[in-house]
Amino acid sequence: MFRTPLQKKDYMSTDNLIIDSTNTFYKTFFIAGKNPRMNSKGERIESVDAFLNTVSRLLEKFTPKNVFVVCDKKLNPSVPSFRQTTTDNSYKAQRPKIEGIEHLFYQEDKAYRVLGALGIKLLQPYSLEADDVIGWLVSTHRNQKNIIVSSDSDFYQFVDENTQIWNTKELVTIDTVKTKTGVPPDRYVLYKSIKGDVSDNIRGVTGYGTVNAARVAIMDDITVEFNPEQLMVVEHNKSLIDLTNSATMQAGELDSYEAQLKAQQQAVPSQSAFKTITSEYELRTAYSTFNVWTRLYESNILSRLISTL
């Protein structure tokens, strides 16, 4: 399979590459899924290949020292999150079930097994969401260079001189956030708390859309704008949207993250395991581009991933 090499201008360098894997996998699933491909066992594999190709391109582009792949699959899904309990389960309750989603889940699990063979370990929420894990990772690595790979605008709140977002189309910087929202990143949580978030079923302050929310969010004192009832709405929404310390609001979350990180530090990349698994799943694209993964390994990008954090 021919693969167009990256140009010199396309390369960047970062300390931590944080991949919102469910978000990224959804995108590859709905593109690659238009042309389903089965292996000899009757298993759909087209999205596994596409996702692995995306990850290898990200490794080439950003030459990271550490890679964190974070998914939405909860380790303890039976426990309700604080967002559910504080909203009477209205949080994200309006989202419809996606047709064919079962094909995504088992392909996603296969992709994570392949990445595990490369020394890249999956980080999962205990009973919250991938957003909370990513928020915790960024907050604990504020003094390092971070690239978040996601199209989710919730991560705008973390953008600063050290942290940027790659949404596959552009690098989201401080100026990008200002242009798109009208507010700087450090006011994004307030802005969204006022405006609300339809996709998460979070109702904002009545009468305050994008323009008015931005106008108020940059004010020094929003109490001159809002009455006590409106302020309560804003404060409640901030507790749902702010990802900086959200993991501390749920029992078991931080202990789980730290245990998973400890396990990641012990991971060892294995070229032979990669070849065995890709052959087992009949991942033609991943197997045929093995030279790309070999180059990543030999250039020390893969072999150095697991370092002291």
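**Figure 1. The second largest pocket, with strand S8 and helix H9 in its lining.** In this predicted model, strand S8 (202-203) and helix H9 (228-241) each contribute at least two residues to the lining of the second largest pocket. Helix H9 provides the largest share, with six residues. The pocket encloses about 320 Å³ of space, and 17 residues line it. If you would like a place to start looking, Arg203, Gly204, Val233, His236 and Asn237 are the lining residues nearest the pocket centre. Sorted by class, the lining has nine polar, five nonpolar and three charged residues.

**Figure 2. The largest cavity and the residues around it.** How many cavities of 30 Å³ or more does the structure hold? There are three, and the largest has a volume of about 70 Å³. Its lining includes the charged side chains Arg83, Glu129, Asp131, Asp154 and Asp200. Tyr91, Ile202, Leu240, Ile241 and Leu243 also line this largest cavity. By class, the lining of the largest cavity divides into five charged and five nonpolar residues, with no polar ones.

**Figure 3. The open sheet of six strands.** Follow the strands across the sheet and you will meet them in the order S3-S2-S1-S4-S5-S6, with mixed pairing. Which strands stand at the edges? They are strand S3 (122-123) and strand S6 (171-172); each has a single partner strand, so one side of each is left without a neighbour in the sheet. Strand S5 (residues 163-166) pairs with S6 in the antiparallel sense, over two bridges. For a residue to pick out here, take Ile165, whose bridge partner in S6 is Val172.

**Figure 4. Helix H2 packed on the sheet.** Helix H2 (residues 46-62) touches strand S1 (16-20), strand S2 (66-70), strand S4 (146-149) and S5. The direction of helix H2 makes about 155° with that of S1.

**Figure 5. The aromatic pair of Phe51 and Tyr112.** A pair of aromatic rings is described by the distance of the centres and the angle of the planes. With ring centres counted as paired within 6.5 Å, the structure has nine aromatic pairs. In the pair shown here, the rings of Phe51 and Tyr112 have their centres 6.4 Å apart and their planes at 85°, so the arrangement is edge-to-face. Why does this pair tie together parts that are 61 residues apart in sequence? Because Phe51 lies in helix H2, whereas Tyr112 lies in helix H4 (residues 101-117).

Methods. Residues numbered from 1 in each chain as written. Predicted model: local features only at pLDDT ≥ 70, side-chain atom pairs only at ≥ 80, totals over all residues. Heavy atoms only, no water. Pairing = 2+ DSSP bridges. Helix = DSSP H or I, 4+ residues; strand = E, 2+ residues; numbered from the N terminus. Contact = heavy atoms within 4.5 Å. Axes fitted to C-alpha atoms, helices over the stretch in contact; angles between N-to-C directions. 1 Å grid on protein atoms, 1.4 Å probe; cavity = no way out; pocket = protein on both sides within 12 Å on 5 of 7 lines; lining within 4 Å. Points joined across faces, edges and corners; volume = space filled by probe spheres on them. Phe/Tyr/Trp six-rings, centres within 6.5 Å; stacked < 30°, edge-to-face > 60°.
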